[in-house]
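Trainee: Could you take me through one part of this model in detail? I would like a close look at the nonpolar surface patch and the residues around it.

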Amino acid sequence: MLGQQSRESLRLLATRIPSIFNLQKLQRSQPTMMSVLSAFKYVFFVVLLINFRSLPFAWHIRVFLPVLQLRLQYYLLRLRILFKPKEARAKILADWGEGLCPIGANPFELVAVHHGWTSVDDADYNGHLSNSSYAKVLDAARLKLALKAFPAFARSGGWMALGSTHFHFIREIPFLRSYKIRLSIGAWDHKWLFVIARYVSYPKHRQSDAIHKLHVDGSGQQLGTNNDSAGPSKTPTTSSDFPRILLSTPAEGLATPATPGDATEVDSNLQAEQTAKAMKAMATAQSKIPEPDGAILHCVAISHICFKYGRITVPPGVVLPCEGFSKPPSTASAAPYSSTNPPPHWTKAQALRVAPSGSMPTFAKFLKGGWRDVPEDERWWEHALDGPIEEQRKANLDVLDSIRKGMEGTRSIG
């Protein structure tokens, strides 16, 4: 009996010994597993840090940051004038709203600048800024130009629809290289505004800040003249007048016939060929134009934008003078137009939206179609941009509009 119990005890001990050894192995492996998990955690956070520009909502923050900054300025101003009389507050806010406009600026000399750099998430496998990233960063740059050039249109409730964008790549932007996007108005017709974007960077051996010849203000806006009206105002506007989100893409219902009549396949092929030649000629000409600060030109992009109130399209030739854009003075000795020396038509533009004669609803009604009811001999906006401005507009339009028509003609190919 005793021997049988001993044998049972030994058998039970034999079955327990492997379990004990397995437990010891597991205890010894736990520090290794914790080390692996800890290393994986750090690698995960490093990957997030490297790609922080592509995290959720990061693109939205970059694009709408100028709007957020203006909002902050708006609330700060409201606090500063909180205890002023109602009439004084209204005048201060109205004056600043008008001060946002580029009063007296030449539409072809106003330049908005957006800064960027080739990060890991923006680079391709060749170590250059990827082709898709050119379009991604252009969204933020276009909004900067919209806020800079068309604040009154935005305050009245209008928005800007993006019809198309065409890119011509000239040379790559290397990895980790800082670059700028310089946007300017190229031309306009009865419907479309053509915006030219130039992607530039500086040679490593050049100090861009020391040789910068363009006038740049604190918000990143850049001007080609000494016109003080083109600089941004530092005072916010009212909540009802505040610039809203201006850009929408893709544009719905914005199709424009490429050519009169029905386009044949031969016509479409011819237009496509002409478009390619026009893009190449324009980019070649642009690449040969030296940048004013010695920068390197990497890419040229052309965007077609139109002004909208719902489904109503507003001609750019009406919007631009209402924002304060003007031809230069008729005499060379005259002082250039500015906020302190506004062009002759500026008082008529203000009368549409500034009390006591006007308001933002009145201004919006004018842009929605009220301008058609003005007699032809009283259409002041047509004279605000005639002369040298009109000549340059027509010359630029011959090149820029051929690109749009050629791309629209390719729809019937294939």
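Mentor: Happy to! A word on naming before we start: helices and strands here are DSSP runs, numbered from the N terminus. With that in hand, Leu176 can be placed in the loop between β2 (159-169) and β3 (178-188). Keep in mind that this is a predicted model, with a mean pLDDT of 79 for the protein chain and 71% of its residues at 70 or more.

Leu176 belongs to a nonpolar surface patch of about 1,100 Å², whose members also include Phe40, Ile50, Phe52, Trp117, Val120 and Phe175. Helix α1 (residues 2-50) gives the largest share of the patch, six residues. Leu176 itself has a relative accessible area of 52%, and because exposed means over 50%, Leu176 counts as exposed. Its backbone deserves a look too: phi is near 65 degrees, a positive value in a residue other than glycine. Most residues other than glycine have a negative phi.

Phe52, another member of the patch, sits in the loop between α1 and α2 (58-80). With a relative accessible area of 41%, Phe52 is partly exposed. That loop between α1 and α2 also holds Phe57, which has a positive phi near 70 degrees. Phe57 is exposed, at 61% relative accessibility.

One caution for when you look beyond the patch: over residues 207-263 pLDDT stays under 50, although the model has 151 contacts beyond four places in sequence for them. Where pLDDT is low, the predicted coordinates should not be read in detail.

Note on methods
Residues are numbered from 1 along each chain as its sequence is written. This is a predicted model: local features need pLDDT of at least 70, side-chain atom pairs count only at pLDDT 80 or more; totals for chains, interfaces and linings use all residues. Side-chain values use heavy atoms; hydrogens and water are left out. pLDDT is the predictor's confidence in each residue, from 0 to 100. Contact means heavy atoms within 4.5 Å. Patches are made of residues with over 30% relative accessible area and no salt bridge: like charges are joined within 9 Å, nonpolar side chains (Val, Leu, Ile, Met, Phe, Trp, Tyr) within 5 Å. Accessible areas come from the Shrake-Rupley method with a 1.4 Å probe; for residues, only the protein chains shown count as cover. A salt bridge is a side-chain nitrogen of Lys or Arg within 4 Å of a carboxyl oxygen of Asp or Glu. Helices (H or I, at least four residues) and strands (E, at least two) are DSSP runs, numbered from the N terminus. Buried means under 20% relative accessible area, exposed over 50%, partly exposed in between (1.4 Å probe, protein chains only).
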